[in-house]
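This report describes the fold, the nonpolar interior, the surface and selected local features of one protein model. The sequence and the structure are shown first.

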Amino acid sequence: MRALRAGRLTYVVLALFTAGSLFPLVWTAIAASRSNTRLAQTPPPFWFGGNLGHNLQVAWTDANMGTALLNTVIVAGTVAAGTVFFSTLAGFAFAKLRFRGSRPLLASVIATMLIPPQLSVVPLYMLIAKLSWTDRLQAVILPTLVGAFGVFFMRQYLVHALPMELVEAARTDGASSLRVLWHVVFPAARPAMAVLGMLTFVMAWNDFFWPIVALTQNGSPTVQVALTGLGRGYIPDQSVIMAGALLGTLPLLLVFLVFGRQIVGGIMQGAVKG
């Protein structure tokens, strides 16, 4: 079988896509290293300045970024772990277990994806207010521990990636339901769990709509809530705002650098199994 080789056009297209993808991040860093006066001038700067350290320090102090980053790591990590765990359990049940009403129940779960999240804000806020969870991290974590997308994603993956013969063989050997989940289902679903975990972590990290309702900047803010306090005033300081955005983006880049190869490997492993 002849190996496929990339031509010059392939490298040119990849280079263009890479440059386009990196441009917003590079521009954010350039704007964060300049002064607000320079950013207002025409043409805008296209190279780094000398104010990066000062702007980062101002953004870190004014937005209380240390607390915000810690809170966001807790929220995003807990939501990602909970979504992966519960979605895998529900996906396995819908994919391989036979029980009455499974199809209507799955259809109702998928139908919840059609409901705009804005419709649930008022009743959800009334609920957390009665529980005295206002401006607490559990108000952001618990409503998003599991979602319809994760359940459907894991169900579709396990339908093809997990042979029913493996489950039946484990039960024949006397394995309990928990052992079947731990030794059969979770290993088979590991590639999809890695992808779902990364997607959920990024979405939870960048979530703004519900955290800005449930949390405050002076209480227990996440990164997105803390960034709303930057640049306030008659003339917003765009350079400080960009510095805060850069601080909020760097942890995501670190996660991709550390776990990117494992996630891509998991996707390829799942593709081979499928």
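## Burial and overall dimensions

Of the 274 residues in the protein, 35% are buried. The model is a predicted one. Its accessible surface amounts to about 16,900 Å², and carbon and sulfur atoms account for 67% of that area. Measured out along the principal axes, the C-alpha trace spans about 70 × 65 × 30 Å.

## Secondary structure

The protein contains 13 helices and zero strands. Read from the N terminus, the order of elements is therefore α-α-α-α-α-α-α-α-α-α-α-α-α, given that helices and strands are numbered from that end. When contacts between residues at least 6 apart in sequence are considered, 71% of them join residues at least 24 apart.

## The nonpolar cores

The largest nonpolar core comprises 33 residues. Within this core, M65, F201, W205 and V223 touch the most other members. Two or more residues each are contributed by α4 (65–96), α6 (121–130), α7 (138–141), α10 (177–206), α11 (209–214), α12 (223–227) and α13 (238–273). The greatest contribution comes from α4, which supplies seven residues.

W205 illustrates how the surroundings of one such core member are composed. Once neighbours within four places in sequence are set aside, W205 is in contact with L69, T72, V73 and A76, with V223 and Q224, and with G248, P251 and L252. Another core, of 19 residues, lies apart from the largest one; F92, M154, A161 and A170 are among its members.

## A nonpolar patch on the surface

Which residues make the nonpolar surface patch of about 520 Å²? The patch is formed by I110, M113, F149, F152, L199 and M203. The elements that give two or more residues to the patch are α8 (148–161) and α10.

I110, one of the patch residues, is found in helix α5 (residues 102–111). Its relative accessibility is 30%, so I110 counts as partly exposed.

## T28 in helix α1

Is T28 buried or exposed? T28, which is placed in helix α1 (residues 8–32), has a relative accessible area of 15% and is therefore buried; the cut-off for burial is under 20%.

The side chain of T28 reaches the backbone oxygen of P24 at a distance of 2.7 Å. Leaving aside neighbours within four places in sequence, T28 is in contact with M242, A245 and L246.

## Positive phi angles in two loops

Where is N64 found? N64 is in the loop between α3 (52–62) and α4. The phi angle of N64 is near 55 degrees, a positive value in a residue other than glycine. With a relative accessibility of 37%, N64 counts as partly exposed.

S132 is placed in the loop between α6 and α7. Phi of S132 is near 60 degrees, which is likewise a positive value in a residue other than glycine. The relative accessible area of S132 is 48%, so this residue is classed as partly exposed, because exposed requires over 50%.

## Summary

In this predicted model, 13 helices and zero strands are present. The largest nonpolar core has 33 residues, and another core of 19 residues lies apart from it. On the surface, a nonpolar patch of about 520 Å² includes I110 and M113. In the loops, N64 and S132 have phi values near 55 degrees and near 60 degrees, respectively.

Definitions and conventions. Residues numbered from 1 in each chain as written. Predicted model: local features only at pLDDT ≥ 70, side-chain atom pairs only at ≥ 80, totals over all residues. Heavy atoms only, no water. Core = buried A, V, L, I, M, F, W, Y, C linked by side-chain atoms within 4.5 Å. Buried < 20%, exposed > 50% of the residue type's maximum accessible area, 1.4 Å probe, protein only. Helix = DSSP H or I, 4+ residues; strand = E, 2+ residues; numbered from the N terminus. Contact = heavy atoms within 4.5 Å. Patch = residues over 30% accessible without salt bridge, like charges linked within 9 Å, V, L, I, M, F, W, Y side chains within 5 Å. Areas by Shrake-Rupley, 256 points an atom, 1.4 Å probe, with all protein chains shown as cover. Salt bridge = Lys/Arg side-chain N within 4 Å of Asp/Glu carboxyl O. Polar contact = N/O pair within 3.5 Å; in protein donor to acceptor, adjacent residues only side chain to side chain.
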